[in-house]
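Please go through the structure below and report on its side-chain packing, its charges and its backbone. Keep it short.

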Amino acid sequence: LRAIQLQGRDGWKLELACNYILETSDIQFSELDLRFAATLKEVLTQKYLRKYFKVYSKGMGIICKDKTGFHANEFVAEYFGELYTPWKWYEKQDVIKMGQKSGHLPDDLPDFYNIMLERHKDDPEGYDILFVDPINKGTFASRLSHSCNPNCSTVTTVANGRYVIGMYTTRPIKYGEELTFDYNSVTESEAEYRKAVCLCGGMKCRGRYLIFSNSNYNHAECLQKYHTFLDRNAIVFRACTVDVTKKDINLLHSYGIKNLILKTCPQWLIKWAALILTFVEFEKRILPSMMLREYENTMGVSTNHEDEEYFALVARGITESRIQSLVITIDKIRHCIEELDKAFDEEVTKRDLAGLTQSGRKIKRQNSRAPAMKFADPNHPPLRRHSADSVFEALWGLRGSIRTQLVEFADKFYLGEVETKLIDQIHTALDYQALAPKNSNYDQMLPKIRMQFLKLRDLFRQVP
């Protein structure tokens, strides 16, 4: 294999590789290698084998050209690149995907040169994430090919506040051997995952150089059972209506989410992050047992202590992935808040200027009411708890309520298709006066409205 790799782009020409083994003095090949090369060269000279070609497109990344090779744990190179904050990085990816969908860019797999730089959670400023993209500016460290059984790995070090991603060897590497590392890239796209065929040729090859994030059934089962759409919306609502506590701050700090991430966050966003972490801790506790149970049911065997340790390790990895996703999401939300608040300020300025003449004289302004709120204002979270009267108006009011929408829907029925009696019953049930509030006592009206909607449900089910 080393002889093939040292031929560069002509490595697929086996005759060149055989000649190299038989003639070179650069590498001390074994007697078995020499005999094999001589035999293979002789076979290749047969007339019926004169035509052969490449059967797959895997190229060679970085080959060791130093005749002394590398020792284990030896530094290879720094991993340089342009830095992106999470929101900026995902914005770039979205633009690329839009270009692919529109046909302006080829619909190929993306180049996996980027790497994630994580600030350690014990850093005084706390944990954070940046994306390093060396596609335009970088070193050869970013051009190493993927392997499921790699001989290199990235290691992040920090000294005097400076973070460095270094590429290090994990075992001795000989002259002519290719340098590789495990990309460990995760995708949420099944189509992208299926395209990512791995050609490393190793005995432990996973078949794909991407990891499909939704492939773990136990992982998905936990979310489907305890973190449903309603659960997630309830968390957002609680974050907007309940104050941040000292316990919340301590929980965030225990995961390294400190001032670096929280300094520009409104209170509702800090509370939301703490509530998400509460679920993450719950998931970390129950996930190993769920995995063990599923493994026993699937394999039909009893588990032991080693299995328990393994699934605890898997759960820990999922927890770390959750923290990464949380920090990335907070960064995206902060950016959206900044953009919305910038638009708010621009609108206020525009409307203020509209109240001045060109000479600067103040005039009476028309329709000068500014947007409703600034999202960064802790006194105005995106959700608020409705009062009983506002709930009544949303459900049963005279304008824009669910009741008025149902009236419009019922009016579209043709009498020939639906029995007149049923139509009359629906209209009677939707009559505003039937449940009009008396003495503004909305609290007593809400239970009656709930029962009325159940009655309407039964009536609408009878419609053909």
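## Charges over rings

Arg 403 lies over the face of Trp 396 in this predicted model. The distance to the ring centre is 5.9 Å. Lys 332 is placed over a ring too: its charged end sits over Tyr 90, 4.1 Å from the centre of that ring.

## Aromatic pairs

Tyr 90 also belongs to a cluster. Ring pairs link it with Tyr 84, Trp 89 and Phe 131. Across the whole structure, the search finds 13 aromatic pairs. One of them is Trp 89 with Phe 131, and it is stacked. The centres are 5.6 Å apart, with 10° between the planes. Trp 89 lies in helix 4 (residues 86-102) and Phe 131 in strand 5, so the pair ties together parts that are 42 residues apart in sequence. Both partners are shielded: Trp 89 is buried at 7% relative accessibility, and Phe 131 is buried at 4%.

Tyr 183 and Tyr 209 form an edge-to-face pair. Here the centres are 6.4 Å apart and the planes meet at 80°. Tyr 183 sits in the loop between strand 9 (178-181) and strand 10 (185-187). Tyr 209 sits in the loop between helix 5 (190-195) and strand 11 (210-212). The pair therefore ties together parts that are 26 residues apart in sequence. Tyr 209 is buried, with a relative accessible area of 17%.

## A buried acid in strand 5

Is Asp 128 buried or exposed, and which side chain of opposite charge is nearest? Asp 128 is buried, and Arg 119 is the nearest such side chain, 5.3 Å away. Asp 128 has no salt bridge, because a bridge needs a side-chain nitrogen within 4 Å of a carboxyl oxygen.

Asp 128 is in strand 5, which covers residues 128-133. Beyond its neighbours within four places in sequence, Asp 128 is in contact with Leu 117, Glu 118 and Arg 119. Leu 260, Ile 261 and Val 327 are contacts as well.

## Nonpolar cores

In soluble globular proteins, nonpolar side chains tend to be buried together. The largest nonpolar core in this model has 31 residues. Leu 252, Ile 257, Trp 272, Leu 277, Leu 326 and Ile 330 have the most contacts inside it. Strand 5 gives two or more residues to this core, as do helix 7 (229-241), helix 8 (246-254) and helix 9 (259-262). So do helix 10 (267-299) and helix 11 (305-354). Helix 10 supplies the largest share, 10 residues.

Leu 326 shows some of this packing. Leaving aside neighbours within four places in sequence, Leu 326 is in contact with Ile 257, Trp 272, Ala 273, Ile 276 and Leu 277. A second, separate core has 20 residues, including Leu 430, Ala 436, Met 445 and Ile 449.

## Glu 309 in helix 11

Helix 11 also holds Glu 309. Glu 309 is partly exposed, at 47% relative accessibility. Its C-alpha atom is 8.7 Å from that of Pro 288, 21 residues apart along the chain.

## Positive phi at two asparagines

Asn 73 has a positive phi, near 60°, though it is not a glycine. Asn 73 is in the loop between strand 1 (62-63) and strand 2 (75-78). Asn 73 is exposed, with a relative accessible area of 62%.

Asn 160 has a positive phi too, about 55°. Asn 160 is in the loop between strand 7 (152-159) and strand 8 (162-169). At 87% relative accessibility, Asn 160 is exposed.

Conventions:
Residues numbered from 1 in each chain as written. Predicted model: local features only at pLDDT ≥ 70, side-chain atom pairs only at ≥ 80, totals over all residues. Heavy atoms only, no water. Helix = DSSP H or I, 4+ residues; strand = E, 2+ residues; numbered from the N terminus. Buried < 20%, exposed > 50% of the residue type's maximum accessible area, 1.4 Å probe, protein only. Lys, Arg positive; Asp, Glu negative; His and termini not counted. Contact = heavy atoms within 4.5 Å. Core = buried A, V, L, I, M, F, W, Y, C linked by side-chain atoms within 4.5 Å. Phe/Tyr/Trp six-rings, centres within 6.5 Å; stacked < 30°, edge-to-face > 60°. Lys NZ or Arg CZ within 6 Å of the ring centre and 35° of its normal.
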